[in-house]
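Here is a short guided walk through a protein model, written for someone who likes to check each stop in a viewer. Load the coordinates, keep the sequence at hand, and let us begin.

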Amino acid sequence: MNVQAPLPGQLRDAAARLVSALAAHDDPEYRLAVLKRLSRRLGEDHYPMFLRLLGVVAESDDGEAKRLLADTVATALRRSDLPGGALSSWGATRLPENVTGMSAGALSGGFFGSSPRRMLGPVEYLVVWHLQRTQRTTLGAEAFRRHLALLVDLLNHSAEAATLYPQKLAADAQNELEGAYTRATRDRLAAIARAWRAGMPPAAVAQAAIDAGQVDMPAGWVVRDL
């Protein structure tokens, strides 16, 4: 799969291969290893591609595929071992996506040695990408809303994932010591957790995150789709 500019058919084929690999074994630990291997192979700079693959499954009509993937995420939640992507806490966040052939991520972290990165699970990654200055161009509100709703819908196909993930988000929202999240981010995580726990539809959970508070983006900020 071309991680730079995948075609819709490539995304569907990659998602189908992922589901087939998960279905090939009954062992939950093996399935988690498959999911984490995919995330690692894509690499930190291409974690959004991992999120897009989850979205492809979420948008499908294959309920069994959704259950398999959601159950695998539930296994990861039990182990506190979510397949994650890294976002910088601060740094050269407004660099172009590509500078002299190098990604902005390459310049903003390891190159300067000054931008610590933290590994984040799928939902947390979306929230931080949308709200905080990172090595990536800011994720736009509509893309954030759409992909968050897809993730919630997908994970609702596992009762365990639908229970454990909002619990994790609620706990993260209380964590002020690590410095991974701003106050606005913690407010959004808490709002997602409350709406999800209350059994609201995925679109309503995503809207609750939007309604939790508006963030004034500095003039000139560029936003992008996932």
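The paragraphs below go from one helix to the core, and then to three individual residues. Please keep in mind that this is a predicted model.

Let us start with helix α9, which runs over residues 183-197. Its 15 residues reach 21 Å from the first C-alpha to the last, close to the 21 Å expected at 1.5 Å a residue. Among the buried residues of α9 are Thr 185, Arg 186 and Arg 188, together with Leu 189, Ile 192 and Trp 196. What covers them? The cover over the buried residues of α9 includes α6 (122-131), α7 (141-155), α8 (159-173) and α10. After α9 comes Gly 199, with a positive phi near 80 degrees.

Two residues of this helix lead us on to the core. The largest nonpolar core has 65 residues, and Ile 192 and Trp 196 are among those with the most contacts inside it, along with Leu 148 and Tyr 165. Tyr 165 is a good place to center your view. Setting aside neighbours within four places in sequence, Tyr 165 is in contact with Trp 196, and also with Val 73, Leu 77, Leu 82, Gly 121, Pro 122, Val 123, Glu 124 and Leu 155.

Now turn to helix α4, where Lys 66 is located. Is Lys 66 buried or exposed? Its relative accessible area is 9%, and because buried means under 20%, Lys 66 counts as buried. A polar atom of the Lys 66 side chain lies 2.9 Å from the backbone oxygen of Ser 60. Ser 60 is also one of the contacts of Lys 66 beyond four places in sequence, a list that includes Val 57, Ala 58, Asp 153, Leu 154 and His 157.

Following the chain past α4 (63-78), you reach the loop that leads to β1 (85-88), and in this loop sits Ser 80. Its phi is near 55 degrees, a positive value in a residue other than glycine. Why point this out? Most residues other than glycine have a negative phi. Ser 80 is also exposed, with a relative accessibility of 69%.

The last stop is Gln 207 in helix α10, which covers residues 202-211. With a relative accessible area of 28%, Gln 207 is partly exposed, because that class lies between under 20% for buried and over 50% for exposed. Which distance links it to another part of the chain? The C-alpha atoms of Gln 207 and Ala 149 are separated by 8.5 Å, although the two are 58 residues apart along the chain.

Definitions and conventions
Residues numbered from 1 in each chain as written. Predicted model: local features only at pLDDT ≥ 70, side-chain atom pairs only at ≥ 80, totals over all residues. Heavy atoms only, no water. Helix = DSSP H or I, 4+ residues; strand = E, 2+ residues; numbered from the N terminus. Buried < 20%, exposed > 50% of the residue type's maximum accessible area, 1.4 Å probe, protein only. Expected span 1.5 Å × (residues − 1). Contact = heavy atoms within 4.5 Å. Core = buried A, V, L, I, M, F, W, Y, C linked by side-chain atoms within 4.5 Å. Polar contact = N/O pair within 3.5 Å; in protein donor to acceptor, adjacent residues only side chain to side chain.
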